[in-house]
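Hi everyone, thanks for making time. Could you all pull up the structure so we can look at it together?

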Amino acid sequence: MELEYACFILAFYVILVLAGIWLYEYVEKQKSYQKMVQLPILTQQEKRQKLNELIAPFGFAYDGKQNLFYSRMDSWQRKFGYGRIYDEAAAPLNMIIDCEPIYFDYQEKRWMIEFWKGQYGITTGGEVGVYYLPKKAQGEDLLLPHLVYHCVEDEDTLRIKTILRKKGKQLYFRRGYHWWLTGFVLGEFSKPRELEMDIEITMKDSQMRDAFLKGLYEAGYQRNELNVRGTTVWIHFTRPHTKQPLTRNRLFVAVKQWENKRNCRLYRKATKDYVNTYDKILALKERVPLLYGKLERLGKSRFGTGEE
């Protein structure tokens, strides 16, 4: 009886100590969220310029009208191309995204146009990329993990337009000639199935259009998901038709999305006192440096292939 009582007292003491530690850490975190941040006195235009200078080394720019980050034409990611291995690496690096590669042949090249949408760490976003396979690799299996497609050159960029919506509400609109047209909304948490993306791609000619359409049909698209006008193809991207990466298993996704949702909530809490995105990022750096570091690593990768 005495032993049981002693064990009870010990367990109670341990719980009390742990609760005290948790309470202390919670209070300290709340203080950090309210920490005064010394911000530079700048005009709105100067802040946009500073923000673009901050993210330019990562290959991105900022659209102040839409509060949106997007990839530049001259981003460093262009040197590395894209392949299936990157899609497989996405989920372990906190990018829970739908991947939709479309393969087709045109003018003695094997092309891949891929669509993505979903949660990229602490951002919600979408992408359309245009790639091709060098002749020496065209005989290989399209899904070999090591196979990396090259980003197209300037003369092969395509006119692309995308509209990303979440539960029917538009998050952003992007268009232009590009090899990798993207958009990322900072602090927004989404499940991939909540997102839909309308995509318009204008092909170089009718031959390329027909080859691309063939690739879409082979991927599993139905005619009611597509629209064609001249050499422009419209795609309504909701549920991916192609096989998703092996790393997109339910348990793994649940854990990573829990982390992403928590980090989005921390971002909003730490930056709620500020309106300007440049001010928000400076506040995040001061108040939650660990989360700022994750955002920085995300920018250094694919915003490429990772966060943690």
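Let's begin at a hairpin: S8 and S9 form one, with 2 residues between them. One of the turn residues, Lys 167, has a positive phi of about 50°. And yes, before I go further, this is a predicted model.

So how do the two arms of that hairpin pair? S8 covers residues 158-166 and S9 covers residues 169-178, and they run antiparallel with 9 bridges. If you want a pair of residues to click on, try Leu 158, which sits opposite His 178 in S9.

Now, S8 has another partner too. It pairs with strand S11, residues 195-202, again in the antiparallel sense, over 8 bridges. Here you can look for Arg 165, which faces Glu 196 in S11.

Okay, zoom out a bit. What is the order of the strands in this sheet? Reading across, the order is S9-S8-S11-S13-S12, so to speak the full row of an open sheet of 5 strands with antiparallel pairing. Which are the edge strands? Those are S9 and S12 (226-229), and each of them pairs on one side only. On average, neighbouring strands here are turned by 10° against each other, if you ignore direction.

Over at the S12 end, 4 bridges join S12 to S13, residues 232-237, and these two run antiparallel. A pair to find there is Asn 227 with its bridge partner Trp 234 in S13. There's a helix to look at as well: H4, residues 206-219, packs on the sheet and touches S8, S11, S12 and S13. The direction of H4 makes about 20° with that of S13.

Something to keep in mind while you rotate this: in a regular strand, side chains alternate between the two faces of the sheet.

Last topic, back to positive phi. Most residues other than glycine have a negative phi. Besides the turn lysine, I've got a couple of exceptions for you.

Take Asn 67, with a phi near 55°. Where does Asn 67 lie? You'll find it in the loop between strand S1 (60-63) and strand S2 (68-71). Asn 67 is partly exposed, with a relative accessible area of 36%.

Then there's Glu 108, which isn't a glycine either but has a positive phi of about 60°. Glu 108 is in the loop between strand S4 (95-106) and strand S5 (109-120). Is Glu 108 buried or exposed? Its relative accessibility is 61%, and the cut-off for exposed is over 50%, so Glu 108 counts as exposed.

Definitions and conventions. Residues are numbered from 1 along each chain as its sequence is written. This is a predicted model: local features need pLDDT of at least 70, side-chain atom pairs count only at pLDDT 80 or more; totals for chains, interfaces and linings use all residues. Side-chain values use heavy atoms; hydrogens and water are left out. Buried means under 20% relative accessible area, exposed over 50%, partly exposed in between (1.4 Å probe, protein chains only). Two strands pair if DSSP finds at least two bridges between them. Axes are lines fitted to C-alpha atoms, for helices over the stretch in contact, and angles run from 0 to 180 degrees between N-to-C directions. Contact means heavy atoms within 4.5 Å.
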